[in-house]
Structure formats: structure tokens, C-alpha cells
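User: Hi, could you walk me through a structure I have just opened? I am in my first year, so plain answers would help.
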Amino acid sequence: MAAPQLTFPREYNAAAALIDGAIARGRGAHAAYVDDRGATSYSALRERIARAAGLLAELGVMPEQRVMLVMLDSVEFPSMFLGAILLGAIAVPVNTLLTARDYAGMLRDSRARVVVVSDALRAKVDEGVAIAGVAPTVVATSELPARLARATPIARAAATTPDDPAFWLYSSGS
């Protein structure tokens, strides 16, 4: 049996394909994400993703630049992760159990322009920024509700291709 052949259009944005595809299949009112605060529908998540992309653009993030995410589980994570991809930037989610030195190495290596961090992890990330000697814009998750409410949603997904990186993952080596 031959392996199935997958084809993608030349212009392909993974975040748009994921969320817009679900909405196009009639799942807009269905739960896309559930956290301690409740369920977020696909349509509501789509709005959050577009606003997250707009916020990142307003912070100066350009396509192919990295956005590090040091975030605990909440709806803010998929919003920022997919928002970065929608913008054409590269999401860099990292383990929340790392040390400040680990974050410093990843900050230097990734050259992240923006770091979005859960408030509980802010001190470790700030220490990592100091150790690394870099100056990304750091946004705490407690700031996100107000910032996202003010952000202009991007109107169109970045014209990325199937060959463009969408995210980086760092391995623990295990």
C-alpha cells in the first residue's frame, strides 16, 4: 500500500488552517479550549488569536522573529502561540520548570523579540533576561486581558508557506 500523499497550497498559515478550518466545519460555537475559567469557543479563540497577532505586531514583532512563551496552562497560551504563527512569527514555547540560566541560554539562542510569561514565573524569566544580557519586551499574562482588548486584530494571516517554520521546541535532552 502506497503512503498517502499530502499536498498543501503554496500559501499556507498553520494557525489559520487550524482555527479557520474548524470554524468552516461548523465548530465555531464548540469548545476549543477549556481552562479553570471555563470554555472558549473556536470563534472566541479566533478573535483572541487575531488580537494576539495584532498585539505582537504592535510590539514590533515581524515575520520570522521569535516569540518565547513561558506560560502555564490557560487560554492565553493557545492565543499567543497561534497568534505568533498567524502573524508569521515563530512561537517558542518553553518548559515552565526550567532555571533562570536555562531561560538565559534559550533567550540568547532564540533571539526572542518578545517573551510572554505567566506571572508566577516572571522573576525567573527576568533573572534569565539579566543573565543573558538581552532586552526582549517582556509581557506578563496579567497584562494580556487589557492589552488584547486594546490590540487591533490583524485582518489577514501572514502569507507563510508550508516550508516556513511555525514554532521551535527546545528538548530537555531526555
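User: Leaving aside residues up to four places away in sequence, which residues does arginine 66 touch?
Analyst: Please keep in mind that this is a predicted model. With those sequence neighbours not counted, arginine 66 touches Ile90, Val92, Ser110, Arg111, Ala112, Arg113, Val114 and Trp168.

User: And where does arginine 66 lie?
Analyst: Arginine 66 lies in strand S3, which covers residues 66–70.

User: What is the nearest side chain of opposite charge to arginine 66?
Analyst: That is glutamate 64, which is 6.5 Å away, and arginine 66 has no salt bridge although it is buried. There is still a link to glutamate 64 through the backbone, since the side chain of arginine 66 reaches the backbone oxygen of glutamate 64 at 2.5 Å.

User: New topic: how many aromatic pairs are there in the whole structure?
Analyst: A search of the whole structure finds 4 aromatic pairs. One of them joins phenylalanine 77 and phenylalanine 81, which are stacked, with 5.6 Å from centre to centre and 25° between the planes.

User: Where are phenylalanine 77 and phenylalanine 81 in the chain?
Analyst: Both lie in helix H3, residues 76–87, and they are 4 residues apart, which is about one turn of the helix.

User: Is phenylalanine 81 buried or exposed, and why?
Analyst: Phenylalanine 81 counts as buried because its relative accessibility is 15%, and buried means under 20%. Phenylalanine 77, on the other hand, has a relative accessible area of 26%, so it is partly exposed.

User: What about the pair of phenylalanine 81 and phenylalanine 167, why is it tilted?
Analyst: The ring centres of phenylalanine 81 and phenylalanine 167 are 5.4 Å apart and their planes meet at 50°, so this pair is tilted. The pair links distant parts of the chain, because phenylalanine 81 is in helix H3 while phenylalanine 167 is in the segment after helix H6 (144–150), 86 residues apart. Taken together, Phe77, Phe81 and Phe167 form one aromatic cluster.

User: Stepping back, how many helices and strands does the protein have?
Analyst: The secondary structure comes to 6 helices and 6 strands, and from the N terminus on the elements run α-β-β-α-β-α-β-α-β-α-β-α.

User: Why does its radius of gyration agree with a compact globule?
Analyst: A compact globule with 174 residues would have a radius of gyration near 16 Å, and the protein has 16 Å, so the two agree. As for burial, 45% of the 174 residues count as buried.

Technical notes
Residues numbered from 1 in each chain as written. Predicted model: local features only at pLDDT ≥ 70, side-chain atom pairs only at ≥ 80, totals over all residues. Heavy atoms only, no water. Phe/Tyr/Trp six-rings, centres within 6.5 Å; stacked < 30°, edge-to-face > 60°. Helix = DSSP H or I, 4+ residues; strand = E, 2+ residues; numbered from the N terminus. Buried < 20%, exposed > 50% of the residue type's maximum accessible area, 1.4 Å probe, protein only. Lys, Arg positive; Asp, Glu negative; His and termini not counted. Salt bridge = Lys/Arg side-chain N within 4 Å of Asp/Glu carboxyl O. Polar contact = N/O pair within 3.5 Å; in protein donor to acceptor, adjacent residues only side chain to side chain. Contact = heavy atoms within 4.5 Å. Rg over C-alpha atoms; globule rule 2.2 N^0.38 Å.
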